Structure formats: structure tokens, C-alpha cells
Protein chains: 4
Amino acid sequence: MDRRKFLMGVGSLAFIRSPIAYSDTSLIDGLKSELIIANKILSNQGVFDAFGHISFRVPSGPGAFIMSYSKSPELVTLDDLAVYDKLGEPLHQSERVSFRERYIHSELYQSRPDVMAVCHHHSDAIIPYTVTNTPMRPVVLVAATIGSKIPTWDPKDYLPFVNSAEKGRDFAKSMGDATVALLRGHGCTVVGAGIREVVMTSIYLQRNALMLSQSLALGKVKSLSETEISKLRKILFAPDSRDRAWEYWKHKLDVM
Amino acid sequence: MDRRKFLMGVGSLAFIRSPIAYSDTSLIDGLKSELIIANKILSNQGVFDAFGHISFRVPSGPGAFIMSYSKSPELVTLDDLAVYDKLGEPLHQSERVSFRERYIHSELYQSRPDVMAVCHHHSDAIIPYTVTNTPMRPVVLVAATIGSKIPTWDPKDYLPFVNSAEKGRDFAKSMGDATVALLRGHGCTVVGAGIREVVMTSIYLQRNALMLSQSLALGKVKSLSETEISKLRKILFAPDSRDRAWEYWKHKLDVM
Amino acid sequence: MDRRKFLMGVGSLAFIRSPIAYSDTSLIDGLKSELIIANKILSNQGVFDAFGHISFRVPSGPGAFIMSYSKSPELVTLDDLAVYDKLGEPLHQSERVSFRERYIHSELYQSRPDVMAVCHHHSDAIIPYTVTNTPMRPVVLVAATIGSKIPTWDPKDYLPFVNSAEKGRDFAKSMGDATVALLRGHGCTVVGAGIREVVMTSIYLQRNALMLSQSLALGKVKSLSETEISKLRKILFAPDSRDRAWEYWKHKLDVM
Amino acid sequence: MDRRKFLMGVGSLAFIRSPIAYSDTSLIDGLKSELIIANKILSNQGVFDAFGHISFRVPSGPGAFIMSYSKSPELVTLDDLAVYDKLGEPLHQSERVSFRERYIHSELYQSRPDVMAVCHHHSDAIIPYTVTNTPMRPVVLVAATIGSKIPTWDPKDYLPFVNSAEKGRDFAKSMGDATVALLRGHGCTVVGAGIREVVMTSIYLQRNALMLSQSLALGKVKSLSETEISKLRKILFAPDSRDRAWEYWKHKLDVM
């Protein structure tokens, strides 16, 4: 591995925005461990199956990020993690295969300086909202983090599948400043200020989809208002909520 | 800990209404153990996830109650329990964080002398009934304990989230003498004559919601009549039903 | 225990209709073991929860049957089994509590000489068909055993709850010669030529309910015809199908 | 066992189309091991229950195939596998019972030279599409392998149950060159270029059915186009996708 290139990628760790406390020297190691746990939590909660991926930004100018090579998320270990550059290519050569859709991550880290973690998944629960005109809206307080505007990407000239930097740019443009974007007949992408935030939003996005569908079957639905959503995001991402949920999902890994 | 204050809170145990037999000296200890089991049962049955809380009244004038500090219910142990005063504040100082919504409990214990236990949860199954105008009604005998009138609290000026005594009072007023009240886009609160009653009602509330939704999808629904509901409450809360259910759910903790 | 009374109840074992092979001397013991397994299978498959009961006929004139005392089915052991007489009363005195609804069993064994086993349960999946006018019909081959006519019992003057011999007679009359009968807002009763048949029908009744509901949501449904149902009942209750299913469900007890 | 007959059945292994690498001498053994795992995966993923069967073609002229005797798929071991001839009869005599519906397999291997593996199952999720006129269509990328035309077999003169070679021929004719065919009120049959492909298609067929039903409940559905389906089949059956999914499902066997 090219150490100089790696360091250039890792850059100035002082700017990392995650409020989780690590000693400076172990920051990246801490985030890597969290990424492994995040992979397992999202699998355990049914968000990931054999497919899906989550990454975190290496907080430097070049837009590098860390993600696993192509592998079922539940099986990912520290040895499967790689550093990707801002173009979505692995920083060091390897015989390992990278996820075809890594450009979702690279293009979002480039266009969205607020984004510190990205998750792409295909939860069965959200698919109906990608193939119909029914808008996804948060109906329950705890799902307010998904935001109020959730666009659906449905390119005209090719599959809604991000296997090139160009398609990644098109997807990122379509996503705008949203927290969640749907991909028609495919899945969704969730971004956030850290790994735990993205995990939390992904899980409640999935459950909100089911709750919303069941609500719509009963009649006219009162979903959360814009004001409610922005107030709730602050409450939900406060450490006591965010970390309580994280500890719970982590605990389920041990007992299931 | 301030022992005098604690004793004042605990008060005269002779008035406790739960029909479960404990020796007088171990009454509070017995209830605390039941509360731990209740936390685990409600988690195991999918009523609680990372969130939700259950308390029991310390049967004294001051309206004190016992509940865990802020923690995922499934992880709660005896060391996490605290005594709260009638204003919803912890009786002794601690660095531990209390649930923001503890005022649901304090205000209900104050306004409802019949209530010996309170549970607040966000079961996904009940959410659709909080955001639509479809009334929740018991359709199955075993869910008769939820009662016939289930109001929905939807305050105009703030989030349906009880993070102050004032909001707690407003919620309690809206609940009236009901056994179950819904909170719009948030969850519900269940009260009862004891921990086991509240657990039973919470679990069947969740299942009744799903059964009612599935019934409504089929056509016009014949739900239980007022007369049936009041007859059934007596049968269901009789020790043979109530304790058989409790033992079953407790057993599931060991095998799952 | 009154041994004479017991023997009178057990009667002439030669007439038992179950095609399962046991040595004559161990017939009752074999059936008791099957009943324990049946209790566990029906719990494991979600048909029973804390409630529900299954019995088999002691093949004699007096109409005696064997069932557990009041206990959650999953927890039943050989020590919990009792012999009931044709009036639904336990043959020997005990401090144990009997199921209130044992008269479902006693009255069916009296009025239906073809019935060798009876199961009463409250599977959530079937409740919608008890509170709406949508008829339950088999849509899938493997559920043909539930039969083509499934009446719903909804007495005018009291709860649809069988806590007396009189109500049992009314229920049995309403059931007629059906294999399955629904009880409004309560559950259902399944009868059959043996324990395994009743278990099989109960499990597929539950799954058929869900499949039928999902089918009805899609449009007009072609359910099985009368001719198909009667042909299929023979195929499904043939030992190779019946016992393959039994062995599978039994196996799930070990691995779950 | 008649070894000559066996070898005639096994034929020229050089023509096997599965891209999975085995040493020539262990090819059949490797495929048999995969078949055992496939049985367990399909059970674990809820596609099989006590019923259902999967086979692979012994790649020779005579159209022989390997499948288990009649047994619940989850319990199948190497000792339960038998070689069947092109007429669907076991190549060597045994007291073991064969699946009644083995003619589904024999007739498809005869009429469809492209088919190397066949699976017949009764997943509850797909039944609604067999008894209504709502067409099954892939709505999610990962289910594109089910294809665009999915016929339903509903013979006029007998049960949609393939217990003879004649009925097998009728079914195969009705299936045409499809990857998936439904059997009215019964289940479906899935074919493919190998065991892993058939497992993958079976699992996503089941999940697509649920996603499609949930989508239809929301409104007009945009399913995948013909062009999308044919592009995606190549991507999904490429080893990196196919084997990642296989390894994941295999892993779930160990942890569940």
C-alpha cells in the first residue's frame, strides 16, 4: 500500500464532525469499528441482506472515504475495509472487487460537505415508494430524521443503477440536499452527520415505510409538519436518543 | 441517597392494590423484579424497541413511582431503577439521565388514583391509528382490556411529546378515565391496576391494531360491544388468565 | 385417582381410528406424547400463544377425552394432562384448574362420532374472518382440509365464549359437520380424525387466512372448488403428506 | 445399485453449464453438496416448508436428474438423494417414496435443454398471484431474474397438481420458455442455469410478490421494462452478485 497516498487521503482528522469521543490517534480505528458494527446492525434489522453498503468520510479535503470491498455486509470484518479516493477508486491496488455502486458514495462526499456517512440499501419495505407516486413522508416522530422532501431518482436513458462516476453525479444532483433519496425499483440512499445517524435514519426509514402504508390503508393520513420535522431532528440526533438506539441495536447482535 | 425522602416517597405499602401475593417486607422488591421482567417481556414481544418505559406507583399519598433511568428497556436491571416524586423528578440526586417523558407517569399517578402502573410505548402497529381518523376498537375478546373509548392526544401548539409537567397535565386531561390513549404520530400510553395488567393490555393493544387493520381491509367490522367489553375485562384480569399470559411471556424470554 | 372410573373412560381402545401405529398397550401413552408435541408445534407455529387447547378422544362409548389443565400450551407436560368425562368434567379430583372452554371439546365428542381430536385456538390471522362477512375459503391446495363450509358462531344472548355445557351444545350445533368453525371476535375450533390431522388443518387454516386476505387485496379470487376440496383432503391426509408435515414441524421445535 | 445404469444417467459431465468450478472427478459430488445446501437455504428463507423440492440435471443426453426422495427439504441429507431417469422414475429400486410431483422436473429437463436446475415450491407470498388475474411482474432490480412473462397453469380437467408424466408435459408446455410459472392455487416452478441461479430467483420471486402487493396497494406501479429485465439478468447472474447472495444465505444457516 502507498502510505503517502493513504495519509493524503486521511488528511486532517481535526475536522471530523462526529460528536463521538475518540482519542485523536484512534479516531479512524474507532470509526472503522463502528462501521463494522453498523454493517451488522443494518443486517440484523433487515435493512441489508446480501446487498447494501455503508461508508464514512475520511475527513479531509480530497473526499476520501472508507467502505468494505464487495461482500455481504453481515460478513464484513476490518480486513475487508478499503480507502477510496474522491473518484470512488480504491487508494491502493488489490485483487479484491469493489462495489459497483461505490460512485454513490464518492459523488455525495464531493457534492455534500455536510455528509460524513453514506448508506445505500434495498430494504423491501421502501421499494413500493420507489415505484409508485405515493410520496414517502414521516408519520412517526422517531422517523422525522428522514426529512420532508424525499426525491426519487429515475433516469431516462439507463437503469437506475449507479455503476459510474457520471451516473453518481446525476444521482447526487437529483438528491440535492435531502437526507434520503429513493432510486426507482432499486432502493435508497441515506446520508448523515455520522455513522450512527445514518444507521438510525435507515432503520426508521424502513419502519416508517411500513407504518405509512398501513396508515394509508386506513384513510387520510396526517404526517409530520415541516416545523415538527426540523424540531424533532435535533431531539433525535441528540446523543441520549441516538446512542440509546445504537446501544440497543448493538445489544441485539449479541442476543440474536 | 436521602433515605428519609425515599421513605416518604414509598409511604404506606398497605394500600397497594395489586393482587399479587408478596410478603409485606418484600413488596417493593417484588414489584421491582416484576418491572424488570415487564421491560424484557415488552421488548421481546415487540412493543418496546430502544424506546418506551413502564413504571409502577409507590402506593403512598405523595404519588411517587418507580421507573428506570433513560435506557433501552431490554437492558434495564435493578440498578437502573429510580424513585420519582409526584412532580416527576428523581427523589435522589444522580448523574443518570431520566426519560424526558417521565411527566406522562407523574401526571397520571396524580390525576388517576385507580392507576397503579403506566406504560408508554411506540409500537409500530398502533401508529396508523394515531395519524388517521379510524378509531381503534377491540375486535377480539382478549383485547377487550383496551376499553371502548381510546382518545388521541394531538396538541395544537407543540409537538405531541410530553417533556414537561404542563404537557403531562394536558395529556392526562385528554386521556380522562381511559385505559389507553394515543399520541398523534408518536405512540400510546396504557394504564392499569398493576404491572401485569398493563403488560397484557399493551401486548393485545398491539395485536388488536393489526387484526383490526386486516379486518377493515375485508369489509365492515363487528367490534366488541360496550357490554361485552366490560364483561370481558373481568374475565381477562382474573388471575388465571392474567397470570397464565404473564408466565407464558416470561417463558419466551428464556427460550428466545 | 379413581382407577375404575378411568378405565371406564378409556374404554375399548380397539376402536380408535387414528392410523398411526402403536402397540395396543401403549396406545394411550403414544397419543399423550403426541398431544404434548402437538401443543408445542401449535405454539411454535404461532397458532397458540398463552391461550388455546387441543384434546384427543379416549375411544370409548362415554365420550371421554384427554386434555391439559389450564396452562399455556407450550409449557404443557405429561403431568398436566387430565381425563375429562363426556360432560367435560375432570374424571378425578384435583386442585388444578381446568380450561373454562372445555365444553367445546366435550360437546363435540358427544355430537360428532367422527371426531377424534379437537383444537380451539385464537390465531390472530383468522380473527378478521370472524368479525366481517368475508367468507373463509381455501385458496391453496394444502389448505383444502379446512373444508368448503366454515360457519361463524355468534350467539345473540351472550358472549361467544363457551364456558358451559349448554353453550358448548349451541356451538356444536352451529358447527354442524364442518371441520372448522369460527367464533365471532374470538377464534376458531378445528376437528379431525386424529391429532396430526387437526394440527395440520390448524396451521394451514392460519396461513390460508393470510393468503386469502392478500389475494382479496389483488382482486377477484378463484378459490378451490367443492370437487377439488374433497379430492385434496384424501391426498393431504394420506400418511406421506400428513407425516412429512408433522416431522417437519416437530423438527422445528428442536432448532428454534 | 445398477452402476451401468447410473453411469448412463450421469453421462458426459463435460457439457455441464454451471460456471461454478469443480474438479471434473468431483463435479457430481459438488453439485450434490450444493443441492443439500440449496434445500436448507430455501427452507431457511421461508420458500420451502414441509413441502417443495429442487433438482439438478445430470448433464447427459438421457435427461437424468438428481433430487431427494420425499422428505421435508430442511431435513434432506446426501443419503436422501436419488437419480431419476428422463421419465421421472428412480434409476435404481428402493423402498423410499419419491415425490409425487417429480414429473415437473423430468418433463422440464426433456423439453428445455437450457435448464440445469428446477425448483418447485409453494411460498405463501406467491399464492395470491396464482388465484387472481393480477400479473406477477418484477418491480425491483434484484428480482429481474424472474423474467417478464410469468404464465399461470390452470388445467380444466384435473387438479393443478403434477402427479403424472402426462400432466408434467402439459405443465411444461404451458410454461414455454419462461423462468417462472405459477400453478393455480398451488405454487410455482422456477428453472435456471444452475442451482444457485434457481435459489436466487426463488427467493427474490417470493420477496417481489410481497413488494408488488404492497406497491399495488399504494397506486399505479411502474414495474421493470423488458429492456431493463434483460440487462439486469446478466448483471445479477454474474458470479459476483450470484455468489455473494449464495454465501450470505449459506451464512444465515449457521447463525439461525
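A polar contact, as I shall use the term, is a pair of N or O atoms within 3.5 Å; within protein, one of the two must be able to donate a hydrogen and the other to accept it. Please keep that definition in mind for the contact between chain C and chain B. Colleagues, what you have before you is a predicted model.

Let me begin with that contact. Between chain C and chain B, 14 residue pairs are in polar contact, both residues being at pLDDT 80 or more. On the side of chain C that touches chain B, helix 4 (127-131) and helix 6 (195-218) of chain C each supply at least two residues. Helix 4 of chain C gives the most to this side, namely four residues. Sorted by class, the side of chain C that touches chain B has 13 nonpolar, seven polar and seven charged residues.

The contact draws on 31 residues from chain B and 27 residues from chain C. Together, the two chains bury about 2,600 Å², and carbon and sulfur atoms account for 57% of that area.

I turn next to charge. Six salt bridges are counted between chain C and chain B. In one salt bridge, the side chain of B:Arg207 meets that of C:Asp124, at 2.8 Å from N to O.

How are the two chains related in space? Chain C is superposed on chain B by a rotation of 90 degrees, with 0.0 Å of shift along the axis and an RMSD of 0.0 Å. This is therefore the relation of a four-fold axis. Within chain C, the C-alpha nearest that axis belongs to C:Ala217, at 5.5 Å from it.

Let us now look inside single chains, starting with chain A. Chain A contains eight helices and seven strands. It has 256 residues, of which 62% count as buried. Among contacts in chain A between residues at least 6 apart in sequence, 68% join residues that are at least 24 apart.

Finally, I return to chain C and its helix 3. Is helix 3 of chain C, residues 102-111, mostly covered or mostly uncovered? Helix 3 is mostly covered, with eight of its ten residues buried. The buried residues are C:Arg102, C:Tyr103, C:Ile104, C:His105, C:Ser106, C:Glu107, C:Leu108 and C:Tyr109. Which elements cover them? Among them are strand 1 (53-57), strand 2 (65-68), strand 3 (81-84), strand 4 (117-121) and strand 7 (187-192) of chain C, together with helix 5 (165-175) of chain C.

How values were computed:
Residues numbered from 1 in each chain as written. Chains lettered and ligands numbered in written order. Predicted model: local features only at pLDDT ≥ 70, side-chain atom pairs only at ≥ 80, totals over all residues. Heavy atoms only, no water. Contact = heavy atoms within 4.5 Å. Buried area = accessible area lost by both parts, 1.4 Å probe. Salt bridge = Lys/Arg side-chain N within 4 Å of Asp/Glu carboxyl O. Polar contact = N/O pair within 3.5 Å; in protein donor to acceptor, adjacent residues only side chain to side chain. Nonpolar A, V, L, I, M, F, W, Y, C, P; charged D, E, K, R; others polar. Least-squares fit on C-alpha atoms with pLDDT ≥ 70 in both. Buried < 20%, exposed > 50% of the residue type's maximum accessible area, 1.4 Å probe, protein only.
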